[in-house]
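Trainee: Please take one part of this model and go through it slowly, from individual atoms up to whole surfaces, as I would like to follow it at the bench.

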Amino acid sequence: MEKLLRSGVKEAVKTIYGADADDDMLQVQKTRKEFEGDYTLVVFPLSKLSRRGPEQTAGEIGEYLVRTIDAVSGYNVIKGFLNLVIAPAEWDRRLSVMHAESDYGFTKPGPESETVVIEYSSPNTNKPLHLGHIRNNLLGYSLSRIFAAAGNIVIRTNIVNDRGIHICKSMLAWQKYSGGRTPESEGIKGDHFVGDYYVLFEKKLKEQAEELIAAGSEPETARDNAPLMQEARQMLVKWEAGDPGTVKLWQMMNSWVYEGFDVTYRALGVEFDRIYYESDTYKVGREIVLRSLEEGHLIRKEDGSVWIDLTDDKLDQKLLLRSDGTAVYMTQDLGTAVIRYNDYHFDHHIYVVGNEQNYHFQVLTLALKRMGYEWAEGLHHFSYGMVELPEGKMKSREGTVVDADDLVEEMTATATAMSQELGKLTGYSEDEKQNICRQIGLGALKYYILKVDPKKNMTFNPRESIDFNGNTGPFIQYTYARIRSVLKKAEETGIADASEVTGIVIPNPKEISVIKLLDDFHPLVIEAAREMSPALIANYCYELAREFNQFYHDFSILGEENKDIRNFRLRLSELTGRILEKGLWLLGIEAPERM
RNA sequence: GGUUCCGUAGCUCAGUUGGAUAGAGCAACAGCCUUCUAAGCUGUGGGUCGAGCGUUCGAGUCGCUCCGGAAUCACCA
């Protein structure tokens with residue numbers, strides 16, 4: 001509708017004033033509640049073209065629009081604002097059009113579609129996933145769906161950071177202290193099991209460092225000089241040299257972790273099309289660094305380490321290969337990017353990674369460009385803020401890390417308790433109940449995290465996150481479930497039929513509010529993809545659910561006596577349900593049929 | 001110190017490319033179930049949009065300067 005008005009205004013300006021209006025001069029927005037009208041044109045920018053006062057310009061354009069566009073039935077001018085009134089019957093027509101469209105709001109990929117590679121999750125294989133990873137996974141997964149819905153070809157990838165000194169730490173601790181225990185023998189999930197040895201390593205290392213300090217060593221170097229640290233470093237060299245024993249140990253421990261991760265990913269409901277392993281990509285990274293060194297883009301220092309000098313770009317020198325020849329984080333990311341480009345020839349590559357790595361990605365993009373890869377222009381770092389607890393940051397040393405598996409389980413348990421208390425879900429089988437409660441618990445968690453602007457640091461308040469009232473996931477799910485319930489009843493009784501052609505219905509103001517929002521959905525999806533913002537979708541869903549609930553409260557759908565209005569309302573409900581389901585889908589949230 | 005991000009109601013957050021009198025939820029208080037699910041709906045109170053200056057018809061939104069907070073600037077990942 002806004003699009004229609006915008007082009008109408010453009011035409012009006014052309015016809016009346018003989019001038020071409022730029023798109024950013026055509027400011028059409030919703031009319032504020034306190035004024036009469038549906039959409040408002042801000043006339044100030046156009047009065048420059050018209051060479052008349054804003055009010056006169058507004059009047060002339062309003063006159064023109066009423067005459068030429070059927071949907072516009074009237075207008076009024078207040079100061080420089082032209083308020084346009086849409087004929088109520090127009091909304092009935094608009095609803096039919098949207099309702100008839102089978103996949104309204106989503107754009108199908110076509111020949112013009114761009115390929116978007118999106119990387120998220122990117123776990124280390126030395127500890128289980130925590131709350132921070134949850135934000136990452138939810139944002140990444142939701143973005144992948146938003147891009148797909150906006151007509152892009154999307155490849156969801158994960159880079160598993162399965163090599164490096166941190167892995168050697170848990171390997172070493174296991175080798176030294178486990179006595180051959182396994183996740184199976186202990187009945188512990190593999191990622192948690194390995195994580196425990198990482199913690200153990202840090203504990204033992206600290207003890208050694210303290211001993212060294214007591215013996216007169218400098219506190220700064222004590223950790224580095226501790227025997228355990230040196231052993232870990234030697235292990236990394238052995239691993240990179242392909243030492244069979246080390247590699248075998250590494251494979252075994254990683255396989256434990258992957259089993260654990262799979263369980264967590266399934267519980268969260270996220271998936272990947274393609275998983276890359278750093279243990280593969282770092283080699284390619286090393287090759288391109290060495291080649292680039294030969295081509296003269298990089299510097300080799302006396303000790304043999306390789307650096308890139310980015311001081312021209314106001315950044316520092318950055319290490320790409322250690323003096324012992326081993327790879328660093330940057331090395332593998334260079335390799336991964338090149339491999340991915342060769343695999344997919346992407347137009348855009350989005351890295352969903354926390355904002356603590358802003359610098360890293362700045363360097364990555366610059367380094368690739370410096371090395372001659374022009375497609376590096378298409379790399380975007382989707383940088384999101386940290387998740388903090390009400391008490392402050394999560395600290396593993398203080399045991400305040402919120403574990404992903406625990407959290408999901410807790411949310412489900414709360415949903416179950418709540419359903420019980422409210423007396424919902426009677427007459428459903430145990431399986432169905434469990435499934436619905438899982439959907440609700442996860443819905444609450446996902447919505448709670450996704451409704452916040454990704455850029456911002458967010459506070460995770462466990463008490464609020466399990467709230468199911470107000471601006472929450474379950475509120476939206478509930479609205480959907482109520483709609484489903486009405487539709488089911490309509491079908492069973494045959495009392496109304498949304499597909500039945502009705503005469504023209506003049507919608508009431510509440511109904512119009514809902515239709516207006518439905519009309520916004522398509523542009524919103526495009527906008528959310530452009531802005532890379534699941535929060536936009538989340539807040540839209542909330543608004544739509546709230547608006548529909550008001551309508552639902554004020555008017556009867558199936559109890560309405562006029563058949564046309566009854567069918568019209570059912571149609572309105574059905575489309576709202578469809579859009580809520582799609583909106584939730586874009587967030588990776590399931591929509592339960594009943595709750 | 002350099003760079004980047006954030007600062008809106010007691011709390012958690014919205015606020016489109018600058019537009020009219022800054023909005024929700026939570027918490028508090030007061031109401032609404034004989035009617036399609038009350039996980040809902042309605043109402044009341046709650047604000048120097050961190051501070052100042054500037055740009056302009058118009059600034060929570062743009063620019064500059066300060067204040068406060070976060071991240072980063074590793075031969076960690």
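Mentor: Let us begin with the contacts to the RNA, where a polar backbone atom of Asn471 is 3.3 Å from a sugar or linking oxygen of RNA strand B, bearing in mind throughout that this is a predicted model. Asn457 also has a contact with a sugar or linking oxygen of RNA strand B, at 3.3 Å, but there the protein partner is a polar side-chain atom. With Asp453 the protein partner is a backbone N or O atom, which lies 2.4 Å from a phosphate oxygen of RNA strand B.

Stepping back from these atom pairs, one finds 70 residues surrounding RNA strand B, and the closest of them are Asp303, Lys393, Lys424, Tyr478 and Phe555. Of the atoms of RNA strand B that come within 4 Å of the protein, 66% belong to sugar and phosphate. By residue class, the surface near RNA strand B holds 28 nonpolar, 24 polar and 18 charged residues, and the element that gives the most to this surface is helix H20, residues 534-554, with eight residues.

The domain assignment helps to place these residues along chain A, for it gives domain 1 as 2-86, domain 2 as 120-388 and domain 3 as 404-586. The C-alpha centres of domain 2 and domain 3 lie 39 Å apart, and 30 residues of domain 2 are in contact with 28 residues of domain 3. Between them these two domains bury about 2,500 Å², with 67% of that area on carbon and sulfur atoms. On the domain 2 side, Arg135, Arg145 and Ile146 lose the most area to domain 3, and together they make up 23% of what that side buries.

As for specific pairs, the interface of domain 2 and domain 3 has one salt bridge by the rule used, and the side chains of Lys189 and Asp405 meet in a salt bridge with an N to O distance of 2.7 Å. Polar contacts across the interface of domain 2 and domain 3 involve 15 residue pairs, counted where both residues are at pLDDT 80 or more. Among the elements that give two or more residues to the side of domain 2 touching domain 3 are helix H8 (190-214), helix H11 (244-268) and strand S12 (379-384), along with helix H5 (131-149). H5 gives the most to that side, with eleven residues, and the residues of the side as a whole divide into 17 nonpolar, eight polar and five charged.

Definitions and conventions
Residues are numbered from 1 along each chain as its sequence is written. Chains are lettered from A and ligands numbered from 1 in the order in which they are written. Side-chain values use heavy atoms; hydrogens and water are left out. A residue is near a molecule or strand if one of its heavy atoms lies within 4 Å of it. A polar contact is a pair of N or O atoms within 3.5 Å; within protein, one must be able to donate a hydrogen and the other to accept it, and residues adjacent in sequence count only if both atoms are side-chain atoms. Helices (H or I, at least four residues) and strands (E, at least two) are DSSP runs, numbered from the N terminus. Ala, Val, Leu, Ile, Met, Phe, Trp, Tyr, Cys and Pro count as nonpolar, Asp, Glu, Lys and Arg as charged, and the others, Gly among them, as polar. Domain bounds come from an automatic or database domain assignment. Contact means heavy atoms within 4.5 Å. Buried area is the accessible area (1.4 Å probe) that two parts lose on being put together, summed over both. A salt bridge is a side-chain nitrogen of Lys or Arg within 4 Å of a carboxyl oxygen of Asp or Glu.
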